[in-house]
Amino acid sequence: MNANLNMNTPLLLLLLAAVLSAVVEGQYLPSSFVALDYGNSAPATHPASSPAHCNPNYPRFPPTCAQGSNATWCLEDEEYPASEIQAAFNHHYAKVVSLYADVTDLNTALSVERPETLEEETYLCPSETAYIRPLRVLSDCGWKIIVNNIKVNYQDFTQTTRVEECTTSGEACPLVPHCYETKCLQKSAYHRFLVYNHYDKYFPFEIHTFKLPSSCACFINEFQL
């Protein structure tokens, strides 16, 4: 019996090596294979990181300042919690200032002036440009409160951004010959704002990214005879 065991030992080792190789390569274990538990738990496996989920507390419906319109931001807001933001800002002053420094405050005095009338424009599609300091902005996760026009320690904290909206979005480009099929398209860009998250009682500030209109482009299709 011992002689037969010695003769079969190389074959058993080869079979065991083949099974272990299949396990390492992720192949399915045969039903006759029984895993032995030596008291040590298997290494933990972690799934691939998933994108951050939105806070379910953020309202999806428009706030009072945006109701009755298609606006995705509010420049005026009677319900804006300025005093609440100011108190929280003052309490976490050093940390909030470091976040605020990471968000560029656009100086409108350095902006390039645009023509005021359509006749003076060199753009293919007419648009309206504005420099705004929004109080609320709609994001992919709902409406968020922007830290704006807050005064702490005799210093004003504001956040300004440039937006440009098509006035004839979806219509033909007015300065292109009619032999071309054209359309004015609204283009967007992402802007970062310091926001106030009143659902976080520990540190109610964060930086969030918002999609806002940035330019009006003219799409030109193939030449039409």
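**Figure 1. Polar contact between the side chain of Gln159 and the backbone of Leu194 in the predicted model.** A polar atom of the Gln159 side chain lies 2.7 Å from the backbone nitrogen of Leu194. Gln159 belongs to the loop that runs between strand E6 (155-157) and strand E7 (161-166). The residue counts as buried because its relative accessibility is 2%, under the 20% limit.

**Figure 2. The tilted ring pair of Phe89 and Tyr93.** Seven aromatic pairs are counted in the model. In the one formed by Phe89 and Tyr93, the ring centres are 6.0 Å apart and the planes meet at 45°, so the pair is classed as tilted. Phe89 has a relative accessible area of 0% and is therefore buried. Tyr93, at 26% relative accessibility, is partly exposed.

**Figure 3. The tilted ring pair of Phe193 and Phe210.** Here the planes stand at 55° and the centres are 5.7 Å apart, so this pair is tilted. Phe193 is a residue of strand E8 (residues 180-196) and Phe210 of strand E9 (residues 205-223), so the pair ties together parts that are 17 residues apart in sequence. Phe193 is buried, with 2% relative accessibility. Phe210 is buried as well, its relative accessible area being 1%.

**Figure 4. An aromatic cluster, and a lysine over one of its rings.** The cluster is made up of Phe89, Tyr93, Tyr100, Phe157, Tyr196, Phe203 and Phe205, linked by ring pairs. The pair of Phe89 and Tyr93, with planes at 45°, is shown in Figure 2. Over the ring of Phe203 sits the charged end of Lys95, at 4.3 Å from the ring centre.

**Figure 5. The disulfide of Cys65 and Cys74.** Four disulfides are found in a search of the whole structure. In the one that joins Cys65 to Cys74, the S to S distance is 2.1 Å. The link is right-handed, with 90° about the S-S bond. Cys65 has a relative accessible area of 26%, which makes this residue partly exposed. Cys74 is buried, at 2% relative accessibility.

**Figure 6. The disulfide of Cys166 and Cys216, between strands E7 and E9.** The two sulfur atoms are 2.0 Å apart. The torsion about the S-S bond is about 115°, so the disulfide of Cys166 and Cys216 is right-handed. Cys166 is located in strand E7 and Cys216 in strand E9, so the pair ties together parts that are 50 residues apart in sequence. Cys166 and Cys216 are both buried.

**Figure 7. The disulfide of Cys173 and Cys218.** The sulfur atoms of Cys173 and Cys218 lie 2.0 Å apart. About the S-S bond the torsion is about 115°, so this disulfide is right-handed. Distant parts of the chain are linked by the pair: Cys173 is in the loop between E7 and E8, whereas Cys218 is in strand E9, 45 residues apart. Cys173 is buried, with a relative accessibility of 4%. Another cysteine, Cys179, is partly exposed at 28% relative accessibility.

**Figure 8. Surroundings of Ile220 in strand E9.** Apart from neighbours within four places in sequence, Ile220 is in contact with Tyr180, Glu181 and Thr182. Ile220 and Glu181 are 39 residues apart in sequence, and their C-alpha atoms are 5.9 Å apart in space. Ile220 has a relative accessible area of 40% and is partly exposed, since this value falls between the limits of 20% and 50%.

**Figure 9. Two stretches with pLDDT below 50.** The average pLDDT of the chain is 76, and 65% of the residues score at least 70. Residues 22-51 have pLDDT below 50, and this stretch has three contacts in the model beyond near neighbours in sequence. Over residues 105-121 the pLDDT also stays under 50. For residues 105-121 the model has 23 contacts beyond four places in sequence.

Note on methods:
Residues are numbered from 1 along each chain as its sequence is written. This is a predicted model: local features need pLDDT of at least 70, side-chain atom pairs count only at pLDDT 80 or more; totals for chains, interfaces and linings use all residues. Side-chain values use heavy atoms; hydrogens and water are left out. Helices (H or I, at least four residues) and strands (E, at least two) are DSSP runs, numbered from the N terminus. Buried means under 20% relative accessible area, exposed over 50%, partly exposed in between (1.4 Å probe, protein chains only). A polar contact is a pair of N or O atoms within 3.5 Å; within protein, one must be able to donate a hydrogen and the other to accept it, and residues adjacent in sequence count only if both atoms are side-chain atoms. Rings of Phe, Tyr and Trp (its six-membered ring) pair if their centres lie within 6.5 Å; planes under 30 degrees apart count as stacked, over 60 as edge-to-face and the rest as tilted. A charge sits over a ring if NZ of Lys or CZ of Arg is within 6 Å of the ring centre and within 35 degrees of the ring normal. pLDDT is the predictor's confidence in each residue, from 0 to 100. Contact means heavy atoms within 4.5 Å. A disulfide is a pair of cysteine sulfur atoms within 2.5 Å.
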